[in-house]
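I set out to record how the secondary-structure elements of this chain pack against one another. The entries below follow the order in which I looked things up.

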Amino acid sequence: MTKVIKRSGEEEEYLSDKLYNALIRAGASDEVAKEIVKEIDERVKEREKISTDEIRRYVLTRLQQLEPEVADAWQFYDRVFKGRITFENGKAIVVDKGKLYLGRKVKDFNGKGLENAEQVKEILDELKEDMDYGLSPKVINARLYALFMGVLHKKDMPEGEKEKAIKYINDFRESLGWKPYELKYPLQS
């Protein structure tokens with residue numbers, strides 16, 4: 001079985017389902033997610049090891065070709081929840097601690113990702129501004145989905161903060177005339 005080498009140097013077993021779920025959470029269609037997973041499965045079949053960076057670059061390249069708004073949402077998710085900023089060819093820089101650029105604002109973070117609902121509200125303010133400056137509704141929708149999924153999967157955000165963040169996201173969607181997201185399962189911290 002192929003091992004994935006994470007940025008930390010830690011190794012874990014390559015799991016197609018993990019990649020598929022990440023693609024779906026980023027907003028990829030089932031068809032595109034399955035296609036990309038199949039392609040990655042072929043790439044890793046004969047290898048003992050592959051880096052997460054190599055997988056990420058390939059995924060972003062394919063998403064850019066097949067569903068560009070999802071590639072944007074993936075990069076948006078990485079910036080907001082993983083403290084990574086993507087640059088050329090899907091390569092990323094990681095901000096472990098300190099100043100992280102979020103849109104037009106700079107925030108101090110003590111770890112990866114958002115910490116509370118107010119930070120989600122600030123991201124939504126930036127998305128509104130981006131929309132006012134011409135970012136397409138399709139890209140905004142993809143970013144909103146990535147933000148929603150990120151909040152749902154944020155393990156260290158308290159449940160009350162998640163509830164407020166989801167309310168902010170759904171209020172934003174409704175202000176655009178879009179349906180709010182519905183929870184399929186109870187929230188967990």
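These notes cover the sheet, one helix pair and the nonpolar core of a predicted model.

Entry 1, the sheet. I looked up the strand order and found an open sheet of 3 strands, arranged S2-S1-S3, with mixed pairing. The edges are formed by strand S2 (11–13) and strand S3 (49–51), each of which pairs on one side only. From one strand to the next, I noted an average twist of 35 degrees. I then checked how S1 and S3 are joined: strand S1 (residues 3–5) runs parallel to S3, and 3 bridges connect them. Val-4 stands opposite Ile-50 in S3.

Entry 2, the helix pair. I asked at what angle the axes of H1 and H6 cross. The axes of helix H1 (residues 16–26) and helix H6 (residues 137–153) cross at roughly 125 degrees and come within 8 Å. H1 is therefore oblique to H6. On the H1 side, I listed Ile-24, Arg-25 and Ala-26 as meeting Ala-142, Tyr-145, Ala-146, Met-149 and His-153 in H6. By class, the residues of this contact comprise 6 nonpolar, 1 polar and 1 charged.

Entry 3, the nonpolar core. I looked up the largest nonpolar core and found that it has 26 residues. Those with the most contacts inside it are Val-120, Leu-124, Leu-127, Leu-144, Leu-147, Val-151 and Ile-169. I next asked which helices each supply at least two residues of this core. They are helix H4 (68–82), helix H5 (117–132), H6 and helix H7 (159–175). H6 provides the largest share, 8 residues.

Key. Residues are numbered from 1 along each chain as its sequence is written. This is a predicted model: local features need pLDDT of at least 70, side-chain atom pairs count only at pLDDT 80 or more; totals for chains, interfaces and linings use all residues. Side-chain values use heavy atoms; hydrogens and water are left out. Axes are lines fitted to C-alpha atoms, for helices over the stretch in contact, and angles run from 0 to 180 degrees between N-to-C directions. Helices (H or I, at least four residues) and strands (E, at least two) are DSSP runs, numbered from the N terminus. Angles under 35 degrees count as roughly parallel, over 145 as roughly antiparallel, 65 to 115 as roughly perpendicular and the rest as oblique. Contact means heavy atoms within 4.5 Å. Ala, Val, Leu, Ile, Met, Phe, Trp, Tyr, Cys and Pro count as nonpolar, Asp, Glu, Lys and Arg as charged, and the others, Gly among them, as polar. Two strands pair if DSSP finds at least two bridges between them. A nonpolar core is a set of buried Ala, Val, Leu, Ile, Met, Phe, Trp, Tyr and Cys residues joined through side-chain atoms within 4.5 Å. Buried means under 20% relative accessible area, exposed over 50%, partly exposed in between (1.4 Å probe, protein chains only).
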